[in-house]
Structures are given as structure tokens and as C-alpha cells.
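Subject: Structure handover

Hello,

Here is the structure I said I would pass on. My notes on what was found in it follow below.

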Amino acid sequence: MKPKVYVSRVIPKPALDMIEKECEMGLNESDVPHTKSELIEKMKTLDGLVCLLTDEIDAEILKTVKDANPNFKVVSNVAVGYNNIDWKAATELGIAVSNTPGVLDDTTGDFAWTLLMAIARRVVEADKYFRKKTWKGWGIMQFLGSDVYGKTLGIVGVGRIGSVVAKRAQGFDMKVLYTDVARFENLEKELGIQYVDKETLLKESDYVTLHVPLLPDTTHYIGAKELEMMKETAYLINASRGPVVDEKALVKALQEKKIAGAALDVFEMEPAAEPELYEMDNVVLAPHIASASTETRTKMATMAAENVIAGVKGLKPPNCVNPEIFG
Ligand code: GLV
């Protein structure tokens, strides 16, 4: 009998084909995220689940499912971040959890740059203005933005994605500062970046870009105190996870002109953002699309397919985040 796998929302077809070849596959074709109780009911009959970052797989779900169905073996997340899964509870229950590292670094790094350029040069604001058909002609004072080349970029978290962002900065002749939980001297040499503490990074950067996973230590890493430290002319870029920034504090800092602007791909309470953000001109808002190229989303999905296929066979998924369960 083929193992049973359920895919919680629509994902690129090559991945579905892979799963279907080896497993009895169910798919949530509606693409609307399931409720907690719907997920539990589904998972009670499965060997493995492919889920998206919109599925909150908490300890209660995992315990209830494992009690009812000892065959449940693997949760394969189609994302590099896996803060939506209680992987510690999964580990205790002997359930493998996997993610999709590596394949989205360049695409996500590109998008951090897209956000940075868009906010610096006011592209979204200018586009909205143009569409109103009220432009009377060129003017030397119109839509003055902020230069990017030659400025100081502050990267918080110089892991796989942060390093890509640093690499791109070389082309803009920027001074690049970074802060992280450790120093990476090899990267400093390779990318010409300089380690500083958090406070120095916030005080000296013209652009601060966040590339950390969401952890207890990184929750509200940027709050009122940090925004106060930033230059009034500086911009904040976030393509990591929403709760890394205290969104209410950010709104206040933007209203009080403590910083010049923000470009955000992620929000604390997705799909909603703080109400004031929708009305502000000095922000660029994107619906969590940093890895959203056809190529990359396909790679992420096929990687998740490989992970679930291994997991339901009782093998260690190639991108297992809790390999300790395999001894
Ligand atoms: C997207 O946000 C991801 O973590 O892959």
C-alpha cells in the first residue's frame, strides 16, 4: 500500500507529480488554509503532511494526531523558515520536520534589494501618482529619493540570504556592516563586510535589512528603542519574518519621522498589517513574496516533495531540521 500524503494548499505541479508517483496523495485544491480541526482530521489518516507557512502546526495538533495515528511520520514545510511548526514538540513525538534551505537565497536576496531600491527611489509612490493621470510634466523637484550607491548598508543576520544581500551590495559600492550571533571572518574577507554590534549597525546604517530566522531572541529585534537609534534618513527593510519588527513601534517611528521609511514583505499578523501602514507613502508593502519566482517556488516545492517522500518511508528527509529523531 502506498503511503498517504496530504498537501495542505496548492503547490507547483512538478512537486505534486513527484508525490503522486510514490504516494496516495490528497490536495487542498481550494488553496484556502485549513482550520486547526480540519488539519487534525486530515492528519489522523496520513503518513505525512506537506504544509505551507500559513499552516500553524502546533504541539496540540501534533500530539492529537500522533495519539490517534502512530503512523504519522513527517511534516514537510514548503519554506526555509519553520517557525510555523512546533518542531520541539514534533521531536519529542518522533515526527520528522523538514524545510527548504538553500534554493531561495538568491531570489530572496534579490527581493530584499527590490524593496530597498523601491523605497529609496520612491518607485511605488511614483507609479501610483502616474496612474492618476495628473502628471503635468517633468519637474526637477519631483519624487526626490535617496541615493543607494556609496551609502552604508546594515545587514542583520549574514546567513545564506544575508550573504547574498551583501554580495549584491558590492555592485553599489556600499560600505556594508553586519551584526549576527557570531563573527564570520571568512565572509568578512570574501564580501568586504565589517562586523559591528547591533547599536553601531543601527546608528551608522542608511539602510537596515533583516535576515534572521524568527526565534524568541529575534522577536521584536527592532522595537521603539532600536528605531530611535536609527538615522532619521535611514530605511528599514524586512524580508525575514513579520514579528522580528514591532510593527506598532514602527508605525509610531514612521509617523514621528524617526526614520525615513520602511519596505516590508512580512507582517506580524499576516495577511493584515497595522492599519496606518496602508495609508503611508513612505512605506512599500508586499504580500510575503520574497521567494516568489516561478523557478524558486518550484524548487522549494520539489524539495519539500523529496522530503515528504523520504519521511513517509521512515527515512531521514534530506532537509530534516530535527535529525536527532533518527538517532
Ligand atoms: C518564506 O518566507 C520562507 O521561509 O521560505
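The main item is an open sheet of 7 strands with parallel pairing, and the strand order is 8-7-6-9-10-11-12. Strand 8 (193–195) and strand 12 (283–285) are at the edges; each has a single partner strand, so one side of each has no neighbour in the sheet. On average, and with direction ignored, neighbouring strands of this sheet are turned by 20° against each other. Please keep in mind throughout that this is a predicted model.

Two of the strand pairs are worth looking at in detail. Strand 10 (residues 235–238) and strand 11 (residues 261–264) run parallel and are joined by 4 bridges. One residue to look up there is N238, whose bridge partner in strand 11 is L264.

Helices pack on this sheet as well. Helix 5 (residues 105–120) touches strand 6 (152–156), strand 9 (207–210), strand 10, strand 11 and strand 12. The direction of helix 5 makes about 150° with that of strand 10. Helix 7 (residues 160–169) also packs on the sheet, where it touches strand 6, strand 7 (175–179), strand 8 and strand 9. Its direction makes about 170° with that of strand 6.

The second pair is strand 6 with strand 7: these run parallel, and 5 bridges join them. Within this pair, I155 has Y178 of strand 7 as its bridge partner.

Is strand 6 buried or exposed? Of its 5 residues, 5 are buried, so strand 6 is largely enclosed by the rest of the structure. The cover is on both faces: T152, G154 and V156 are buried on one side, and L153 and I155 are buried on the other.

The last item is a pair of helices. Two packed helices are described by the angle between their axes and the distance between the axes. For helix 2 (residues 36–43) and helix 3 (residues 59–68), the angle is about 30° and the axes are 9 Å apart. Angles under 35 degrees count as roughly parallel, and helix 2 and helix 3 are therefore roughly parallel to each other. Their crossing is right-handed. Helix 2 contributes K36, L39, I40 and M43 to the contact, and helix 3 contributes E60, I61, T64 and V65. Sorted by class, this contact has 5 nonpolar, 1 polar and 2 charged residues.

Regards

Definitions and conventions: Residues are numbered from 1 along each chain as its sequence is written. This is a predicted model: local features need pLDDT of at least 70, side-chain atom pairs count only at pLDDT 80 or more; totals for chains, interfaces and linings use all residues. Side-chain values use heavy atoms; hydrogens and water are left out. Two strands pair if DSSP finds at least two bridges between them. Axes are lines fitted to C-alpha atoms, for helices over the stretch in contact, and angles run from 0 to 180 degrees between N-to-C directions. Contact means heavy atoms within 4.5 Å. Angles under 35 degrees count as roughly parallel, over 145 as roughly antiparallel, 65 to 115 as roughly perpendicular and the rest as oblique. A crossing is left-handed if the near helix is turned anticlockwise from the far one by less than a right angle, and right-handed if clockwise. Ala, Val, Leu, Ile, Met, Phe, Trp, Tyr, Cys and Pro count as nonpolar, Asp, Glu, Lys and Arg as charged, and the others, Gly among them, as polar. Buried means under 20% relative accessible area, exposed over 50%, partly exposed in between (1.4 Å probe, protein chains only).
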